[in-house]
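Subject: Handover of a structure for your review

Dear colleague,

Please find below the structure that I am handing over to you. A short account of what was found in it follows.

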Amino acid sequence: MSEQPTHQIRAAYTASTVTVYQAYAPRLGLPAARDGRFPASWKRDRMTWIKPSFLWMMYRCGWAAKKEQETVLALEITREGFEWALRNACLSHYDAQRHADRAEWKRQLRRSPARVQWDPERDLHLRPLPHRSLQLGLAGEAARRYADEWIVSLTDVTPLAHRVHAAVRDGDLAAARGLLPAERPYPAGAKLLAHLAP
């Protein structure tokens, strides 16, 4: 089996949508899942982070057990919106190869409605893997577009998180793997990630 590229978007996607994950407290997550959109209390003026990796989301929310992260949502969003965010994103950290200096990076950060962070992907035991997983932070215009234009469907996948975790706890990794969403390399193309993949 060939080695995975260190920085590559892997996601469940269709011809027109890509699935990302977020975890919320039930007071936000449950109404969102019920209504197919975020409730009025969802803050459009705050940065929100979306993750195409189910297992990275499980690492972040502790299999939906961490406080205020007990409801895991799978959000199908338009690929058009996802790619707009990538085109308009900058790295969340300073990179000497991509930025003339720290001041230029900070200017980019202030101007960009989205930011990208690459974190170690996780295995079924939530241990870090050598390749990285994308996190995409949305603020300002990007957060508003995400909430109001890009969401095609919104599903509560907390029961799935619990089933996968139970299989892992039972030592049945084959069953756990069989439950995972089918994530594959996203056809972003080098041009779309040129300013984001170190």
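Which residue's side chain meets that of Arg27 in a salt bridge? The partner is Glu68, with a distance of 2.8 Å from N to O. Please bear in mind throughout that this is a predicted model.

**Salt bridges**

The pair just named belongs to a structure that holds five salt bridges. Arg27 sits in helix α1, which covers residues 26-35, while Glu68 is found in the loop between α2 (54-61) and β4 (71-78), so this contact ties together parts that lie 41 residues apart in sequence. As for solvent, Arg27 counts as exposed because its relative accessibility is 57%. Glu68, at 36% relative accessibility, counts as partly exposed.

Another of the salt bridges joins the side chains of Arg44 and Asp148, at 2.7 Å from N to O. Here Arg44 comes from the loop between α1 and β3 (48-50), and Asp148 from helix α5 (residues 140-150); the pair therefore ties together parts that are 104 residues apart in sequence. Arg44 has a relative accessibility of 27% and so counts as partly exposed.

Helix α5 also contains both partners of a further salt bridge, Glu141 and Arg145. Their side chains meet at 2.8 Å, N to O. How far apart are these two residues along the helix? They are four residues apart in α5, which means that about one helical turn separates them. Glu141 is partly exposed, with 36% relative accessibility, and Arg145 is likewise partly exposed, with a relative accessible area of 24%.

**Internal space**

I now turn from the side-chain contacts to the cavities. Rolling a probe the size of a water molecule over the atoms shows where empty space is left. In this model, the structure holds one cavity of 30 Å³ or more. The largest cavity contains about 40 Å³ of space.

Which residues line the largest cavity? The lining is made up of Gln8, Ile9, Arg10, Pro52, Ser53, Glu121, Ser133 and Leu134. By character, these lining residues divide into three nonpolar, three polar and two charged. The nonpolar group consists of Ile9, Pro52 and Leu134, the polar group of Gln8, Ser53 and Ser133, and the charged group of Arg10 and Glu121.

With kind regards

Note on methods: Residues are numbered from 1 along each chain as its sequence is written. This is a predicted model: local features need pLDDT of at least 70, side-chain atom pairs count only at pLDDT 80 or more; totals for chains, interfaces and linings use all residues. Side-chain values use heavy atoms; hydrogens and water are left out. A salt bridge is a side-chain nitrogen of Lys or Arg within 4 Å of a carboxyl oxygen of Asp or Glu. Buried means under 20% relative accessible area, exposed over 50%, partly exposed in between (1.4 Å probe, protein chains only). On a 1 Å grid over the protein atoms alone, a cavity is a set of points where a 1.4 Å probe fits but cannot get out, and a pocket is an open set with protein on both sides within 12 Å along at least five of seven lines; lining residues have an atom within 4 Å of a point. Grid points are joined across faces, edges and corners, and a volume is the space filled by probe spheres set on the points.
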